[in-house]
Amino acid sequence: MNNRLLGWLTLALLFQACSPDSPNETDSAPATSADFTASMPHQPGTENMALIPGGTLQMGGDNKQAAPNEYPKHPVRVDSFYLDKKEVTNREFKAFVEATGYVTVAERAIDWEELKSTVPPGTPRPPDSLLQPGALVFQATNGPVPLDNVGQWWQWTIGANWRHPEGPASSIEARMDHPVVQIAWEDAEAYAKWAGKRLPTEAEWEWAARGGKEGAIYSWGNEPVGEGAPKANYWEGFFPYENTKADGYFLTAPVGSYEPNGYGLYDMAGNVWEWCSDWYDYDFYKKLEAKQANAESEEAWNPMQPYQAEKVLRGGSFLCNDSYCSGYRNARRMSSSPDTGLNHTGFRCARSL
């Protein structure tokens, strides 16, 4: 891969500070998720969901690791709602695909005319050999590298998708109870509608992650992630080249592998980043709307990705580490374009009362 193309991928496909990937489009998939969910209703109950009691969330950063977009800390009234106890698994997503014929973003042909609207003007068109369905996959480096260039550990991989998270040679056959990954926001939304649910708002997600512990840094409390018994699936060692796997896993872990939080929710820290319904607004917390009951951002703005509108991601992943991305903190905010999937991004669903 030449340096110019790597630079294009890094700029166009990676979301701020922690992750990346590729927008894809095709006429072979439904135009919108509503096109097929309307014709294939699926309305289960709330089994395997936790009832999250309403209350007032003190939303925002809790310690010195907090980023500017986590301030100011502010009160938000959150109504009671249901939330999946665990992240959606490969088994569950496979059932959805088999029932609907849905084609995920990473499996669709790439439309350069659509893609170039999300990158800086004048960005050169990549060769057709690279404009093929696929996704970016994490690759550990051989040793220490500067942490300001995510292109050093992400590799564009043709044929990578939810069935083959690390590329065509990989498989989910032995990982059916792991969280599904390489899922774009629109893929997650489509599944949620089919399941008779929805994606949680950012405020709901943070309220649920805190598990009733006001002001706690993590879903389990304030004890540092590396102390005591394993608490989450995260990067242990020196990112991005050495992972001791003290928590038992290099990539994803089966959902529910660690103790739940106070609301009975598993993996609210680490394992995979989780999509929320909100548009990502870097300065949302500074606006009056952020303090409204059940607040949800409806405008998108990210100064680090000015050419694309992004959705919120929460919870961190198996790649997060205090030296690089403390994504497993309750207040940590991340974002990516809604047509982007990664091999450390998944989701769970919510349901209103």
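**A guided walk through the fold**

Let's begin with a single residue: C276 is buried, with a relative accessible area of 0%. The cut-off for calling a residue buried is a relative accessible area under 20%. Please keep in mind as you look around that this is a predicted model.

Now step back to take in the whole protein. Its 353 residues include a buried share of 56%. Six helices and 15 strands make up its secondary structure. Look next at the contacts with a separation of 6 or more: 75% of them join residues that are 24 or more positions apart. On the outside, the accessible surface comes to about 14,200 Å², and carbon and sulfur atoms account for 50% of that.

Cysteines are a good next stop. A disulfide is a covalent bond between the sulfur atoms of two cysteines. How many disulfides does the structure hold? The count is zero. C320 helps to show why: the closest cysteine sulfur to its own belongs to C325, at 3.3 Å, which is too far for a bond. The cut-off here is that the two sulfur atoms lie within 2.5 Å. C320 is also buried, at 0% relative accessibility.

Next, find the open sheet of four strands, ordered β13-β12-β11-β14, with mixed pairing. Its edge strands are β13 (334–336) and β14 (345–346), each of which pairs on one side only. Further in, β11 (residues 273–279) and β12 (residues 311–314) run antiparallel and are joined by three bridges. To see how these two strands line up, look for E274, which stands opposite R314 in β12.

Another antiparallel pair is formed by β4 (residues 55–59) and β5, with five bridges between them. Here L57 stands opposite V76 in β5. In a regular strand, side chains alternate between the two faces of the sheet. You can follow two faces along β5 (residues 74–78): H74, V76 and V78 belong to the covered face, while P75 and R77 belong to the uncovered one.

Finally, turn to a helix. In α3 (residues 90–100), the buried residues are N90, F93, F96, V97 and T100. Why do they share one side of α3? They cover an arc of only 120° around the axis, so they end up on the same side of the helix. Just after α3 comes G101, which has a positive phi, near 75°.

Key: Residues numbered from 1 in each chain as written. Predicted model: local features only at pLDDT ≥ 70, side-chain atom pairs only at ≥ 80, totals over all residues. Heavy atoms only, no water. Buried < 20%, exposed > 50% of the residue type's maximum accessible area, 1.4 Å probe, protein only. Contact = heavy atoms within 4.5 Å. Areas by Shrake-Rupley, 256 points an atom, 1.4 Å probe, with all protein chains shown as cover. Pairing = 2+ DSSP bridges. Arc of directions from axis to C-beta.
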